[in-house]
Amino acid sequence: MTMVSYEPFVTEDGRTIGGVLMEMRNITLRFGGVVAIKDISFDIREGEIRAIIGPNGAGKSSMLNVISGFYTPSEGEVWFEGQKRPPMRPYQVARQGIARTFQNIALFQGMSTLDNMMTGRITKMHSSLPAQALWWASAQREESEHREAVEKIVDFLEIQHIRKTPVGRLPYGLQKRVELGRALAAEPRLLLLDEPMAGMNVEEKEDMSRFILDVNDEFGTTIALIEHDMGVVMDLSDRVVVMDYGKKIGDGTPDEVRGNQEVIDAYLGVTHD
Amino acid sequence: MPDQLLYGIEVMINGLMAGVLYALVALGFVLIFKASGIFNYAQGVLALFAALTLVGLQQGQVPFAHLINAIFGTEIHHFGWELPAIVAIVLTMGVMVLLAIVIEKFILKHLVNQEPIILFMATIGLAYFLEGFGDIMWGSDIKTLDVGLPQGGSIWIEEKTAALGGDGFYGFFIDRLDIVAALVAALLVISLTLFSQFSKQGRALRAVADDHQAALSVGISLRFIWVLVWSIAGFVALVAGIMWGAKSGVQFSLSLIALKALPVLMLGGFTSIPGAIVGGLIIGVGEKLFEFTIGPMVGGATENWFAYVLALVFLVFRPQGLFGEKIIERV
């Protein structure tokens with residue numbers, strides 16, 4: 001088990017990173033005979049942008065799925081906010097304050113941008129089913145409160161013009177942005193982004209990078225992301241985990257990782273796309 | 001106005017009213033299909049079961065009386081009380097929610113991520129099980145359902161419209177029960193639409209219908225939503241059961257109305273609530289008018305097959321139905 005320091009520290013660009021928010025301890029994930037993740041440990045600290053990188057098939061998405069509860073690890077422990085997490089279903093993980101986006105956009109295609117984001121906020125809404133049916137007025141008040149919070153995120157992401165558009169009709173780049181908005185609507189403690197910039201052009205990538213940095217900066221949201229574009233990763237993240245063939249081969253600041261021989265080999269020594 | 005035309009109008013109005021009842025059953029199908037992609041073959045039996053339970057509770061019947069008597073040699077049939085209609089309806093709704101929980105726990109939970117055809121087969125099994133269970137629980141005799149709904153032709157409408165025609169015309173005959181059914185159906189559709197558009201749970205319901213993974217990721221429990229959907233379908237079945245039961249008595253042929261809902265769905269589209277209503281009305285009016293105009297020429301009894309032929313024509317020219325989502329296969 002890696003020893004981690006729980007003291008806050010200051011990053012290269014002068015921001016303070018807090019204590020450990022989430023810790024993965026000796027995670028192993030098997031699908032039948034295939035080992036997707038082999039004995040990996042790392043932590044995610046409060047307020048940081050943590051990247052998970054690695055060549056195709058390294059097990060990055062599997063790791064994200066373990067964090068968000070879509071996969072249950074075969075071995076190892078997941079610790080969140082200082083407590084060991086029992087095996088959970090994805091919706092329970094979401095209710096703990098972990099929101100995510102997907103590699104292949106998973107929006108509610110038939111709903112408008114606003115409805116998608118309101119649905120993203122569902123864990124924040126507390127009025128019960130009978131209350132909604134009987135006390136129409138109080139349900140309405142709650143609805144408008146949440147609507148206000150969602151509108152703020154709409155402004156933040158600059159998607160006012162597509163608020164009422166069914167998301168199925170939106171271009172790819174905007175769908176990615178709406179998906180980020182839906183995750184933000186939950187006001188998550190930890191935001192997981194699975195390749196937020198995959199398939200985007202340079203301009204869209206720049207926009208998305210800016211939003212990710214702003215989310216981290218303005219809301220103080222802790223972010224863990226998977227990304228292929230090395231340039232983007234190095235610019236965005238405070239610390240990087242490098243995976244290859246299901247194993248962890250590097251962990252540290254972008255500069256440390258860049259100088260790591262094993263990482264260089266994984267990226268240059270073997271073919272990948 | 002010529003009498004023949006007036007009769008035609010009367011037939012049409014009665015067709016509309018019959019269509020409302022078809023639509024009520026079709027509505028239950030649409031709700032479950034939209035939310036889970038399951039074609040619920042048991043929807044008709046659900047309506048039958050709801051009606052049986054309602055009558056049983058209202059008249060203080062002992063559930064499983066025949067079974068108990070056969071095993072213990074007793075002679076019990078009734079508790080000896082009669083419940084007010086409203087209490088019986090609320091209790092029946094409770095039973096339908098309970099049924100939804102049981103269905104989720106024993107069937108749906110074990111068939112997550114299975115092909116739709118497997119789930120369809122499961123609902124066929126459920127239909128036969130429920131029919132048999134209803135039989136054992138409440139007995140198979142035909143029961144009269146009376147929850148105090150007005151019945152019989154509306155004299156007011158008859159008198160007001162009599163003047164339209166000549167001496168041979170006595171005014172429109174419209175069953176008051178049908179009018180109530182139409183009002184209830186309208187109310188049901190409005191409240192369901194409001195619920196699904198503007199409430200948190202309604203939004204969750206649409207989210208699950210759209211994308212299971214995404215729904216999970218925002219914190220929606222699929223199992224809770226299944227129970228909710230089946231409870232709502234149970235509620236719609238109860239309403240349909242009350243209307244049909246009040247009209248023609250609670251009998252096991254009630255489950256066969258479900259088959260009439262099929263052409264209604266093909267017409268309206270499997271995924272559209274307004275489609276279920278419009279489809280029901282078109283079938284209702286269509287088959288009554290067809291029987292009235294063409295029926296005498298071909299020896300009558302066209303109501304048995306007209307709906308299916310109409311649905312067949314629709315399948316050829318517009319397979320997704322009038323309001324259904326267009327099926328686009330991306331290559």
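# Notebook: sheet, helices and interface in a two-chain model

I started at strand β8(A), which is joined to strand β9 (residues 190-194) of chain A by 3 bridges, the two running parallel. This is a predicted model, and I read everything below as such. For a register check I took Arg100(A), which stands opposite Leu192(A) in β9(A).

**Entry: the sheet in chain A**

I then traced the whole sheet. It is open and has 6 strands, in the order β8-β9-β10-β5-β11-β12 (chain A), with mixed pairing. At the edges I found β8 (98-100) and β12 (247-252) of chain A. Each has a single partner strand, so one side of each is left without a neighbour in the sheet. I also looked up the twist: neighbouring strands are turned by 15 degrees against each other on average, direction ignored.

**Entry: strand β5(A)**

Next I asked how many residues of β5 (residues 49-53) of chain A are buried. The count is 5 of 5, so to speak a mostly covered strand. I split the strand by face. Ile49(A), Ala51(A) and Ile53(A) lie on one side, Arg50(A) and Ile52(A) on the other, and all are buried. I noted that the covered residues include Arg50(A). The split fits the general rule that side chains in a regular strand alternate between the two faces of the sheet.

I looked up the partners of β5(A) too. With strand β10 (residues 222-226) of chain A it pairs in the parallel sense over 4 bridges. There, Ile52(A) has Ile226(A) as its bridge partner. With strand β11 (residues 239-244) of chain A, β5(A) also pairs in the parallel sense, over 4 bridges. In that pairing Ile53(A) is matched with Val242(A).

**Entry: Met243(A)**

I stayed in strand β11 of chain A, where Met243(A) is placed. Is Met243(A) buried or exposed? I found 26 C-beta neighbours inside 10 Å, so Met243(A) counts as buried; the cut-off is 20 or more. Leaving aside neighbours within four places in sequence, I listed its contacts: Ile52(A), Gly54(A), Ala58(A), Gly59(A), Lys60(A), Lys248(A) and Ile249(A). I also checked Pro55(A), 188 residues away along the chain from Met243(A); their C-alpha atoms are 7.6 Å apart.

**Entry: chain A in numbers**

I tallied 10 helices and 12 strands in chain A. Of its 273 residues, 43% are buried. Among contacts between residues at least 6 apart in sequence, 68% join residues at least 24 apart.

**Entry: positive phi in chain A**

I searched for positive phi outside glycine. Asn26(A) has a phi of about 50 degrees. It sits in strand β3 (residues 20-31) of chain A. With 14 C-beta neighbours inside 10 Å, Asn26(A) counts as partly exposed. Glu158(A) has a positive phi near 55 degrees. I located Glu158(A) in the loop between α5 (136-156) and α6 (172-185) of chain A. Its 11 C-beta neighbours inside 10 Å make Glu158(A) exposed.

**Entry: helices of chain B**

I turned to helix α7 (residues 176-198) of chain B and its packing on α10(B). The angle is about 175 degrees, and the axes are 10 Å apart. That makes α7(B) roughly antiparallel to α10(B), because angles over 145 degrees count that way. From α7(B), the contact takes Leu177(B), Ala181(B), Val184(B) and Leu188(B). From α10(B), it takes Val236(B), Val239(B), Met243(B), Ala246(B) and Lys247(B). By class I get 8 nonpolar, no polar and 1 charged.

Helix α3 (residues 65-72) of chain B gave a contrasting entry. Of its 8 residues the number buried is 0, so α3(B) lies largely in the open. Gly73(B) follows α3(B), with a positive phi near 65 degrees.

**Entry: the core**

I opened the largest nonpolar core, which has 165 residues. Ala23(B), Leu24(B), Ala26(B), Ala51(B), Ile220(B) and Val229(B) touch the most other members. Helix α10 (residues 222-248) of chain B supplies the largest share, 18 residues. I followed Ala51(B) further. Beyond four places in sequence, Ala51(B) touches Leu145(B), Gly241(B), Ile242(B), Gly245(B), Val250(B) and Leu254(B).

**Entry: where the chains meet**

Last, I counted 17 residues of chain B in contact with 24 residues of chain A. On the chain B side, α8 (200-210) and α9 (212-217) are the elements giving two or more residues. α8(B) gives the most, with 7 residues. By class, this side of chain B has 6 nonpolar, 6 polar and 5 charged residues.

Note on methods: Residues are numbered from 1 along each chain as its sequence is written. Chains are lettered from A and ligands numbered from 1 in the order in which they are written. This is a predicted model: local features need pLDDT of at least 70, side-chain atom pairs count only at pLDDT 80 or more; totals for chains, interfaces and linings use all residues. A nonpolar core is a set of buried Ala, Val, Leu, Ile, Met, Phe, Trp, Tyr and Cys residues joined through C-beta atoms within 7 Å. A residue is buried if 20 or more other C-beta atoms lie within 10 Å of its own, exposed if 12 or fewer, and partly exposed in between; C-beta atoms are placed from the backbone. Two residues are in contact if their C-beta atoms, placed from the backbone, lie within 7 Å. Ala, Val, Leu, Ile, Met, Phe, Trp, Tyr, Cys and Pro count as nonpolar, Asp, Glu, Lys and Arg as charged, and the others, Gly among them, as polar. Two strands pair if DSSP finds at least two bridges between them. Axes are lines fitted to C-alpha atoms, for helices over the stretch in contact, and angles run from 0 to 180 degrees between N-to-C directions. Angles under 35 degrees count as roughly parallel, over 145 as roughly antiparallel, 65 to 115 as roughly perpendicular and the rest as oblique.
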